[in-house]
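Open the model in your viewer and keep the selection box handy. We will go from stop to stop, and at each one you will get something to select and something to look for.

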Amino acid sequence: MSAIIKAEHLSFAYPGDGDTPAVPVLHDVSFEIEEGSFVAVLGHNGCGKSTLAKLLCMILEPDEGILYINGKDMTSEDITDEDIYDARRRVGMVFQNPDNQLVATIVEEDVAFGCENLGIPSEKIRKRVDEALDTVGMRKYARHATHRLSGGQKQRIAIAGVLAMRRKCIIFDESTAMLDPGGRKEVMDTICRLNREEGITVIHITHYMNEATLADRVIVMNDGRIIMDGTPGQVFSCADKLWEAGLDVPQTTELLWRMKEAGYNVRLDIFDPEECASEIAKAIAEKR
Amino acid sequence: MGKIELHNITYVYGKGAPYEIKALDDVTLSFEEGKIIGLIGHTGSGKSTLVQMLNGLLKPDSGKVLLDGKDIWEEPKKIRDVRFKVGLVMQYPEYQLFDETVESDIAFGPKNMGMNEEDIVKAVREAAQFAGLKEKHLKKSPFDLSGGQKRRAALAGVIAMGPSVLVLDEPAAGLDPGARRRILTRIKDYQRQSGTTVIIVSHSMEDMAMYCDTVVVMNHGRVTMTGTPAEVFSRADELLSQGLDVPAITKVARALREKGVDIGLDIYTVNFAAHRLLGEEV
């Protein structure tokens, strides 16, 4: 598999203005995102997650370091506007607030908006919009008014808009944060399906630890640096390090951690309550 | 007597229209003074409608709302006084910040109440302190604060009015785990020190379990359960059937019982579970 995104030693600071000094946000960040993978990014507010997302979409430019999109160096001197457009056509983004990213009053018109701006012929747009709405399970709402939808439905429309533009990689910047549990599940189910069935590369920024356990890989950021990078099992097993970074671990992991501290022989990389109970029952039986 | 009591409240949106929805259906409920009460229920269960009954933003179609034993709609012209006594912090309150400095934003409520200059200054200082804002934040524009600080500034604006009931709709939504804990701990400390009755609406079962004395569950415009977190969460099957989730740790406790390790079903925090399993101090 090849890397759709490769970052080498990225640094970024928001420029100062007059009396206000520049605010450094990212320090020497390096990683690769494999095509077709599902990566969760965790970190407390202000740790640089969203800034990183904006760099990857080329909404912002890094001060230092090299960013490759699909193997092409986007930070090189002789990069053309055409190259940037081309890279932006690969990476799409879904934001946090469902009410801030819908532009049209009718669902299908909103989904078509991005394609229209790309100058795609209308019969093709029709087809893409229908397919995208099918993928997020919103086809029957095609002619509904966007303002009457629930938060979860609005986010799925935003996702459909990105899909219609045929993005190979989608960055979700806390796209579930403002939703209720039902809406959150709708969106997470959609994200997982896009990744597994459509092969779309997913970068999911979140505060919900249970969402991160669904990913193949978890990157943890703190104060503009990557402090952990591994499978959910590997990352959440290091509960103390996460607590130190102001994050939580899933309740199952916390309980297993406490059992282990007390001398029981348990694995820490378990997130399913049933499996967690089995592991504990087994360890208790062993100890007797 | 409860601090606020609801007697047979019914409320219908769009009465007579094709979209008529009965949001509250004969709700009777008492909120005990000086407690933190959690209100849970899935979207559309009537939580937000109920909250708007408490300070008279909505008037019930039938039934009575009693504040300190007095019907709040007895003299409709005095409903403004009720709104000073029952402070409502809406969802994402930071979107409602508007003034030039944090200080004047917090002072907006007290000013409208007709407090004198001296008392306003005092109320603003105290509220800011309760919300965890420092002196240096007060002179700043609210728009230069971080997300968590903005939320706390908005909270201070309501606390400054010195309400005897504080109602918060999803106070921790969208915050990271550290900021969640900080704001909820602030609210709990404030409640302890001031004796205010606090009502929190939330979807987070974990937060409810950790911070509330009493939990009220709503479904289809009715109250379906009331009790301590232990009482409510031990009825996990009913919660699940009402489209609600239970904390992961509660599920672990249930699964453990099936596997012959019985630590009880009234488990809702990791501390509790560890205590029962290991005999550790809670």
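Select G260(B) to begin: this glycine follows helix α11(B), and its phi is positive, near 90°. Keep in mind throughout that the model is predicted.

Now step back into the helix itself, residues 248-258 of chain B. Which of its residues are buried? Colour A248(B), I249(B), T250(B), K251(B), V252(B), A253(B) and L256(B), and you have the buried set. Next, show what these residues pack against: within chain B, select α9 (229-233), α10 (236-241) and α12 (270-278). Then add α10 and α11 of chain A, which also pack against the buried residues of α11(B).

That brings us to the contact between the chains. Chain A puts in 29 residues and chain B 29 residues. On the side of chain A that touches chain B, select α6 (181-198), α10 (251-261) and α11 (273-287), each of which supplies at least two residues. The largest share, eight residues, comes from α11(A). Colour this side of chain A by residue type and you should find 14 nonpolar, 10 polar and five charged residues.

The next stop is the largest nonpolar core, with 163 residues. In soluble globular proteins, nonpolar side chains tend to be buried together. Select A160(A), A156(B) and A273(B), the members that touch the most others in this core. Then pick out helix α5 of chain A, residues 151-164, which gives the most to the core, with seven residues. Zoom in on A156(B) as well: beyond its neighbours within four places in sequence, it is in contact with I106(B), A127(B), A128(B), F130(B), A131(B) and L133(B).

Turn to chain A for a sheet. Its four strands form an open, antiparallel arrangement in the order β2-β1-β4-β5. At the edges are β2 (23-34) and β5 (72-73), each pairing on one side only. Two bridges join β4 (residues 64-69) to β5(A); to see one of the bridge partners, select I69(A) and K72(A).

Finish at T105(A), in the loop between β6 (91-94) and α3 (107-117) of chain A. Is T105(A) buried or exposed? It counts as exposed, because it has 11 C-beta neighbours inside 10 Å. Leaving aside residues within four places in sequence, T105(A) is in contact with A145(A) and T146(A). For a last look across the chain, draw a distance from T105(A) to D269(A): they are 164 residues apart in sequence and 45 Å apart in space, C-alpha to C-alpha.

Conventions. Residues are numbered from 1 along each chain as its sequence is written. Chains are lettered from A and ligands numbered from 1 in the order in which they are written. This is a predicted model: local features need pLDDT of at least 70, side-chain atom pairs count only at pLDDT 80 or more; totals for chains, interfaces and linings use all residues. A nonpolar core is a set of buried Ala, Val, Leu, Ile, Met, Phe, Trp, Tyr and Cys residues joined through C-beta atoms within 7 Å. A residue is buried if 20 or more other C-beta atoms lie within 10 Å of its own, exposed if 12 or fewer, and partly exposed in between; C-beta atoms are placed from the backbone. Two residues are in contact if their C-beta atoms, placed from the backbone, lie within 7 Å. Two strands pair if DSSP finds at least two bridges between them. Ala, Val, Leu, Ile, Met, Phe, Trp, Tyr, Cys and Pro count as nonpolar, Asp, Glu, Lys and Arg as charged, and the others, Gly among them, as polar.
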